[in-house]
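Open the model in your viewer and keep the selection panel handy. We will make a few stops together.

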Amino acid sequence: MMKTSKVAFTAPHFAAASVGNQILVQGGTAIEAMVAAAASIAVEYPHMNGLGGDGFWLISEPGKQPIAIDACGVAAKNATIEYYANQNIKNAIPSRGANAAVTMAGAVAGWEKALSISKEWQTPIALSKLLDTAISQAKWGIEVTQSLSDASVKTFDDLAVDPHFSPFLIKGKALKKGKILKLSALSNTLETLSKNGLNDFYSGEIAEKLAADLQAAGSPITIEDFRDYKADLMTPLSITISKGQLYNLPAPTQGIASLLTLAIYDKLVAKVSSDADMVHLLIECTKQAFILRDKYVTDQSRMEIDLQSLLTDEYITQLASNINTSKALPWPYQAKHGDTIWMGACDRNGRMVSYIQSLYWEFGSGVVSPSTGIVWNNRGTSFSLDRNNKQALRPGLKPFHTLNPAFAALKDGRRMVYGTMGGEGQPQTQAALFARHVYHNQPLDKAIALGRWLLGRTWGDASHNLKVERDLAEYVGKELSVRGHDIVTVEECNELMGHAGAIILNDSGLDDTTINDNKLIAASDPRSDGKAIVSDGLNQTTLQNT
């Protein structure tokens, strides 16, 4: 197996990136590093992700096809349309509160499933060591970032009325940047998991506590839902384009949209002669991808087609022919919310992980288990209470997910993990950073930092227009308006555009024992509190956002 003296990790919070890096330089696998960082960022960024949420993995070993893990929760056995009708809830599942806590949390099962793969690679690092830093962070306190403060202020009126939400406030008030927040109950939960094993979350002491707290809050989730849940190994969707092979997650995620966007752009990139051309065409490719995503993607058991059938060269060519290079397709549509974290890792053996973890909206359902300190997700709001809708609520089914970590095996020998948070913006940001770096040769950090755009809404925004960061709007805004785009300018380096990151390993032209240490790069998004680290344990190159 190929070796490198260097490793890389990137995360949207510097503490999580440091934890992941520490495991890597100690000889841990990319999976072990990711689990340690996932636990850490669940503490450090509690508004965006946590143990009460979901996770999706793409795992790549050199010379092998990547594998995926689907660790998203299913609707509870009691979560039926009749259940809500009996409570006089008929139009939509509430976005907050106990009736929003509809689906099982899959993230921890995903950690366990991934670690079982890691054990096949080498002797494992003890779980207690992987979780040790996260336990300490929760116990001794985290420093509130601007992102966490903004989320706290935004959700205060909705969530602060529940006394169980008090651990995520300071003296009953919204969190302020720079203050220290201690999460003692969450620390104790992580310590219990480190001693009893991750499955305790589903069949042990933690499961009993969570089930009791959720029932007391009024959620339809019961202990049986915990005991029956498991994460699944999946075959990722894939497509070959001129630059190489792209991979992403199948249904119920919008991975198909990310793949379609880049595949269609691949057919049109020769027509790009300016930044305005690039942005316009990527937006139009996104529209074509979203139309198909919204038409087909649902729980696997209800899929009308095999999504891989949309990824043929003939069909991509047809979709590309729908695009007018000088005129925007009118675009009213219903967009998706989402608050999430994406992280990437590369270990000494060239094994790479692209991982995403989420609660859905900020602080999810807002339901906090007082005995465990865990915030529960509200991903179930993606279900419909209309029996005729393809997203109709049904026990045991998975809701539509915006989450989709990405991986690319490029023809020039580079392997790339990349992704972002941002709900509807995830495919758009993936396309922007990939196109800028791979097609248009921008340095990776610049490809992520440059001004971005967002078609539709995210983070609770109700508008469906094209939001463009000011620095980008200054030199392409006028041209985009001429082509018919409904533009709204937002401040530059805006968290609205997501927290992107990427790691690229270049092993082209080398033997199977050594990777050139200069060919491992990583980048993090200045819109986040993140850090990207390339390290050999003694020396490290760090890109930390300020």
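How many cavities of 30 Å³ or more does a search of the whole structure find? The search of this predicted model turns up 2.

**Stop one: the largest cavity**

Select A42, P46, N49, G50, L51 and G52, then add F168, L186, L359, G373, I374 and V375; together these residues line the largest cavity. The space they enclose has a volume of about 70 Å³. Now try colouring your selection by residue class: the lining divides into 8 nonpolar and 4 polar residues, with no charged ones.

**Stop two: the second largest cavity**

Clear that and select T10, A11, P12, W342, M343, H499, A500, G501 and S524, which line the second largest cavity. About 40 Å³ of space lies inside this second largest cavity. Which elements give two or more residues to its lining? They are β1 (7-11) and β9 (339-346), so show both strands as cartoon. By class, the lining of the second largest cavity holds 5 nonpolar and 4 polar residues, and again no charged ones.

**Stop three: N21**

Next, show helix α1, which spans residues 14-25, and pick out N21 within it. Is N21 buried or exposed? N21 counts as buried because its relative accessibility is 6%, and the cut-off for buried is under 20%.

Keep N21 selected and add S535, which is 514 residues away along the chain. Draw a distance between the two C-alpha atoms: N21 and S535 are separated by 7.5 Å there.

Notes. Residues numbered from 1 in each chain as written. Predicted model: local features only at pLDDT ≥ 70, side-chain atom pairs only at ≥ 80, totals over all residues. Heavy atoms only, no water. Helix = DSSP H or I, 4+ residues; strand = E, 2+ residues; numbered from the N terminus. Buried < 20%, exposed > 50% of the residue type's maximum accessible area, 1.4 Å probe, protein only. 1 Å grid on protein atoms, 1.4 Å probe; cavity = no way out; pocket = protein on both sides within 12 Å on 5 of 7 lines; lining within 4 Å. Points joined across faces, edges and corners; volume = space filled by probe spheres on them. Nonpolar A, V, L, I, M, F, W, Y, C, P; charged D, E, K, R; others polar.
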